[in-house]
Amino acid sequence: MIGSIIRRLVSAQDNFFATGGTGATETFTYVDPSGNTLTLNKIDAAYLKFRTSLWGVSRSVDSIVPRLESEVWVGDPLYPTFAAAVATLNSAGTACTLRLPVGTHTVAADLTVNSNILLKPDKGAIIAIATTKTLTINGTLDAGHYQIFSCTGTGKVAGLKRANPNWWATNTVPGTTDMQPAFQAALNSLAANGTLIVPEGDYKWDTYYSAGAIAGCLIWPQVDGLSMVGEGRAVIYSKAHATTDYRAVLINAASAAGIHGVTIRGLTFRGEADQASVPGEGINTGDYVYDLLVENCEISYHRGSPFRKSSETPGERHTIQNNYFHDCATVNMIGAAGSSGGIAGCAPKSNILNNRIVNTGSSVFHGVAITYVDSDTFTIAGPTDYTYKLPAGQTVAVTFVSGATVYPVVASSSFDGSETTINTTTAVLTGAISRIIENCAYWHSIYAINNDLVVKGNYCEGRGLDIRGGTGTGINVKVLDNTVIITHADDPGSYVGTATNGVVSGNIIKNGFLMVFGTNITVTNNIVDSPAYDLVATYGYIALNGVNVIASNNIVYGNGKTTGLQGGFEVGHTYDSTDIKVHNNKTYNCLQGVVLAVKAIADVSIENNHFTGLGHANTSGNGIYLYTATSIDNVNIKSNNLTGFYYALYDYFLATNVTFELNRLKDCTVLAGIIADPTGPILCKDNMALDAVLTNVYNTTYPPTATSNYRVLNTTLMGSPVVTLANAAQPYIWLGKTFKTGGTTTITNFLGGCIGQRITILSAHAVTVTHGTPIQLHGHANFVMAAGDTLTLEMVDLDVWQEVSRKVH
């Protein structure tokens with residue numbers, strides 16, 4: 001024979017096996033993939049039996065041969081080295097498996113493994129890649145969770161469809177051994193649409209990269225379609241780094257071509273504990289990132305945001321869903337890495353869905369970078385007019401420095417938790433203030449805004465939502481079905497501010513308020529339940545601002561407090577507001593039903609609501625409160641149920657063109673409180689009191705006059721269809737349509753009516769109604785009424801009544 005070898009595995013090319021196991025030597029001719037002809041010994045069938053153990057069961061020779069027919073081993077005479085085997089098999093082009101036995105296999109020159117080769121190293125086989133050299137694997141790599149690569153210098157692997165960080169390093173002490181370089185090498189090895197598999201276990205990242213905008217532990221390459229996916233419980237412990245721009249994962253494109261199709265799934269990123277020294281941000285996206293998916297991840301104990309978008313050119317279509325973000329930027333952590341909301345920022349056309357966000361953003365300076373210097377000094381580099389807040393009960397000496405100028409703001413003083421404005425660009429706080437700065441900024445569970453954003457189904461505990469941005473930002477924003485449990489009273493707000501076309505629906509907010517502003521916003525089917533929160537930042541638990549804002553079918557549960565405003569709804573607190581509709585809502589236990597306040601307000605419709613106050617005995621309670629706005633014009637209040645207010649309507653004398661009609665009052669003392677003659681007309685008509693609590697239609701301290709802008713028409717008292725007039729020359733006809741004289745005093749006018757109003761006077765006495773300018777009677781003569789006579793009048797001009805009919809008994 002020409003050649004004879006002992007093969008490590010049975011090959012299908014050995015197609016004539018000795019039978020019977022006699023041990024007799026037989027040969028056959030073999031042509032290898034390169035065309036070489038060899039004469040080889042056949043393998044005695046008796047020796048094939050142990051080979052079946054490779055598959056765990058006894059198999060016949062016929063069943064084994066097809067499974068081994070394409071395997072080739074490095075070290076065979078025809079394949080003496082890894083490089084030689086690859087060259088031979090690349091040339092052949094047929095599908096095969098290249099097995100690497102235990103030992104070191106050197107790559108000293110650039111080498112490409114073609115797609116026809118399945119590479120399968122044994123445990124203990126190491127592919128050593130020299131510096132500056134690249135091993136490109138275009139085929140499949142099949143290996144377990146053990147090291148198979150050793151790269152020197154800039155030596156690297158490329159082209160993989162799937163990679164495993166354990167292939168680059170042994171995780172000797174899980175959670176302690178620095179595995180970050182292995183993760184980076186594995187991620188960099190992937191071809192487009194490749195996946196980095198992170199097996200179950202604990203991994204420590206201690207290595208940090210910083211080069212301009214590229215700063216973080218794991219730097220995402222500009223390759224499309226890459227994924228990093230955890231298998232089982234894969235936990236990554238990130239290093240606590242002093243650099244404030246630290247990120248655990250940074251995804252940032254170097255060019256406008258962008259990074260497309262990024263997926264991070266099923267991983268846990270964790271700092272060491274809830275303490276001062278923890279990592280910065282979790283996942284940070286920079287420029288031109290498209291079609292990002294972060295799902296089923298847990299991120300905790302970072303001093304910045306678990307997820308943050310930090311670019312003005314962020315790309316599009318980011319989906320952040322089904323994650324658990326918690327315990328980031330807590331009161332125990334010093335400093336911040338940029339924004340510190342649970343989710344801070346987002347790209348256009350993004351979805352933030354079904355995340356659980358707990359205890360994030362309670363201890364961070366808003367918009368200010370903080371560098372911790374030593375145990376008693378903080379350096380703050382921030383914008384001018386920066387507002388800071390320190391906790392109550394702390395005694396510290398504070399000095400602010402701007403250049404060579406020292407601004408003593410507080411000296412050995414006890415902070416009361418109030419806010420102070422610093423008009424400097426750089427400030428240094430000195431004194432015993434180590435780790436006491438808290439509640440400094442009001443970062444929220446979700447702090448994000450952009451066009452075509454959907455925020456849906458999230459559970460937020462600790463901070464509220466902040467979905468708002470600058471001019472032109474936030475077109476087509478939907479905030480749907482979120483649950484917000486607020487535990488920080490310093491800023492209990494949930495904000496939705498959109499440029500245009502927003503929907504805020506189905507959300508539940510506990511112990512806080514909801515504020516919306518923008519153009520074309522629908523606020524519907526939300527529940528605000530705040531029994532433990534006193535309104536400070538707004539005058540209403542649902543605050544509406546902007547243009548064409550519709551609030552319908554919402555429910556508000558107030559705190560039952562009898563001081564302050566504490567309204568169920570508010571209009572116009574933050575921005576001038578026009579075309580606001582408050583329809584079909586319910587409030588309970590609120591001192592005020594609706595408050596119109598602060599800014600210029602116009603064209604408001606308040607209809608078909610059910611507002612419940614704290615009872616008529618509380619003289620600060622108002623169903624509709626027209627408060628100290630810049631201006632209030634054209635308000636229609638119609639068909640509401642108002643229960644438990646001292647005043648059904650209260651005007652602070654700035655309102656004009658207000659109509660209060662067809663409302664039903666229960667447990668209300670006064671129809672309308674007017675503290676002075678209104679700026680413009682206020683008309684109350686066709687309202688009904690459902691009980692006898694209503695005793696007046698105006699504030700007796702400021703009664704309207706015959707020429708005032710306040711008019712009441714046809715207010716009906718249920719159970720008292722006929723109202724007794726005052727025994728006066730000019731009695732008011734506020735309550736009802738039918739009135740009975742109250743005495744024998746001659747009547748010269750009826751006050752408080754309005755044009756179009758029709759009244760009927762029943763005489764219970766001998767009383768004279770005089771003819772004149774205010775009352776124009778038939779025959780131009782006085783009507784001397786006897787008991788039982790009736791007189792019907794209609795106001796045809798302002799303060800001019802004309803007789804319609806009379807009946808004389």
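Over the ring of which residue does the charged end of Arg806 sit? In this predicted model, the ring is that of Phe783, and the charged end of Arg806 lies 4.2 Å from its centre. This arrangement is one of several side-chain features described below, after the overall composition of the chain.

The protein contains 3 helices and 75 strands. Of its 809 residues, 53% are buried. Contacts between residues at least 6 apart in sequence were also examined, and 66% of them join residues at least 24 apart.

The largest nonpolar core comprises 163 residues. Within this core, the residues with the most contacts are Phe82, Leu98, Phe149, Met228 and Ile264. The element that gives the most to the core is strand 47, spanning residues 513–524, with 7 residues. A second core, separate from the one just described, consists of 9 residues, among them Leu565, Tyr627, Tyr647 and Tyr650. The surroundings of Phe82 illustrate the packing in the largest core. When residues up to four places away in sequence are not counted, Phe82 touches Val74, Leu98, Leu100, His105, Val107, Leu111, Val113, Leu119, Ile127 and Leu135.

An open sheet of 4 strands was identified, with the strand order 3-4-7-10 and parallel pairing. Its edges are formed by strand 3 (71–73) and strand 10 (140–141); each has a single partner strand, so one side of each is left without a neighbour in the sheet. In general, the strands of a sheet pair through backbone hydrogen bonds, in either a parallel or an antiparallel manner. Here, strand 10 pairs with strand 7 (residues 117–121) in the parallel sense, over 2 bridges. Thr140 in strand 10 is the bridge partner of Leu118. Helix 2 (residues 82–92) packs on this sheet and touches strand 3, strand 4 (96–100) and strand 7. The direction of helix 2 makes about 175° with that of strand 4.

Aromatic side chains were considered next. The whole structure holds 16 aromatic pairs. In one of them, the ring centres of Phe183 and Trp205 are 5.3 Å apart and the ring planes stand at 70°; because an angle over 60 degrees counts as edge-to-face, the pair is assigned to that class. Phe183 belongs to helix 3 (residues 180–188) and Trp205 to strand 15 (residues 201–205), so that the pair links parts of the chain 22 residues apart. Both Phe183 and Trp205 are buried. Another pair, formed by Phe569 and Phe611, is tilted, with 6.3 Å from centre to centre and 45° between the planes. Phe569 lies in strand 51 (residues 567–571), whereas Phe611 lies in strand 56 (residues 610–612), 42 residues apart. Phe569 and Phe611 are likewise buried. In addition, a single aromatic cluster is formed by Tyr539, Tyr625, Tyr627, Tyr646, Tyr647, Tyr650 and Tyr652. Tyr627, Tyr647 and Tyr650 of this cluster are also included in the second nonpolar core.

Finally, the environment of Ala192 was examined. Ala192 is located in strand 14, which covers residues 190–198. The relative accessibility of Ala192 is 48%, so the residue counts as partly exposed. Not counting residues up to four places away in sequence, Ala192 touches Val223, Asp224 and Leu226. Ser227 lies 35 residues from Ala192 along the chain, and the C-alpha atoms of the two residues are separated by 9.7 Å.

Note on methods:
Residues numbered from 1 in each chain as written. Predicted model: local features only at pLDDT ≥ 70, side-chain atom pairs only at ≥ 80, totals over all residues. Heavy atoms only, no water. Core = buried A, V, L, I, M, F, W, Y, C linked by side-chain atoms within 4.5 Å. Buried < 20%, exposed > 50% of the residue type's maximum accessible area, 1.4 Å probe, protein only. Contact = heavy atoms within 4.5 Å. Phe/Tyr/Trp six-rings, centres within 6.5 Å; stacked < 30°, edge-to-face > 60°. Lys NZ or Arg CZ within 6 Å of the ring centre and 35° of its normal. Pairing = 2+ DSSP bridges. Axes fitted to C-alpha atoms, helices over the stretch in contact; angles between N-to-C directions.
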